[in-house]
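Welcome! Have the sequence and the 3D view ready, and try each exercise before reading its solution.

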Amino acid sequence: MTQIRIGSGIDVHAFGEGIPMFLCGVQVESPIGFIAHSDGDVAIHALCDALLGALALGDIGHLFPDTDPAFKGIDSRKLLAEVMRRVRAEGYELVNADLTICLQTPKVAPYILRFRQSLAEVCGVDVNQISVKATTTEHLGFVGRKEGCLVHATVLVEKA
Ligand code: MG
């Protein structure tokens, strides 16, 4: 395989009342969270799919099926750690990741640095290698109607 490879990932989760909201491994203060088999961390799931995509290793649904009780309510940081282990097992290192969180509410701007630090810690890289951005969709579409959240992630990996 070539020395440098790119990957992209997208994940979507619907909002549910009275569920703790996790993004990038950080609990966000919110009356709504994400309906999911795992802890619903839509940002980590998008990042996992980007990493797996970079090395054509499949996707998160194939690795950690939502029909498997072992993954019920699981801390998605564990899924990301396992994905990073697989990336390194292929002889690659994460160069950088760039995430865009599309979310109408709640406002996550105050959490951005913590999001980056959390992902960097799990991935075992420097915080400067992880970018997290957030945007609303100007009240358009399912994000704008506050029905859920979409996260897009792009990564670059390089042969170690
Ligand atoms: Mg997901």
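**Exercise 1: Place valine 143**

Valine 143 lies in helix α5 (residues 141-144); helices here are DSSP runs of H or I with at least four residues, strands are runs of E with at least two, and both are numbered from the N terminus. Before going on, note that this is a predicted model, in which local features need pLDDT of at least 70, side-chain atom pairs count only at pLDDT 80 or more, and totals for chains, interfaces and linings use all residues. Residues are numbered from 1 along each chain as its sequence is written, and side-chain values use heavy atoms, with hydrogens and water left out.

Task: decide whether valine 143 is buried or exposed, and find what valine 143 touches.

Solution.
- Step 1: recall the cut-offs: buried is under 20% relative accessible area, exposed is over 50%, and partly exposed is in between (1.4 Å probe, protein chains only).
- Step 2: the relative accessible area of valine 143 is 5%, so valine 143 is buried.
- Step 3: leaving aside residues up to four places away in sequence, valine 143 touches Cys102, Leu103, Gln104, Thr137, Gly148 and Leu150; contact means heavy atoms within 4.5 Å.

**Exercise 2: Classify the ring pairs**

Task: the structure holds three aromatic pairs. How are the rings of phenylalanine 15 and phenylalanine 34 arranged?

Solution.
- Step 1: rings of Phe, Tyr and Trp (its six-membered ring) pair if their centres lie within 6.5 Å; planes under 30 degrees apart count as stacked, over 60 as edge-to-face and the rest as tilted.
- Step 2: phenylalanine 15 and phenylalanine 34 have ring centres 5.5 Å apart and planes at 20 degrees, so this pair is stacked.
- Step 3: phenylalanine 15 belongs to strand β1 (residues 4-17) and phenylalanine 34 to strand β4 (residues 32-34), so the pair ties together parts that are 19 residues apart in sequence.
- Step 4: both phenylalanine 15 and phenylalanine 34 are buried.
- Step 5: phenylalanine 64 and phenylalanine 71 make an edge-to-face pair, with 5.3 Å centre to centre and 80 degrees between the planes. Phenylalanine 64 is buried at 11% relative accessible area, and phenylalanine 71 also counts as buried, at 17%.

**Exercise 3: Step back to the whole chain**

Task: how many helices and strands does the protein chain have, and in what order do the elements run?

Solution.
- Step 1: the protein chain has five helices and seven strands.
- Step 2: from the N terminus on, the order is β-β-β-β-α-α-α-β-α-β-α-β.
- Step 3: of the 160 residues, 46% count as buried.
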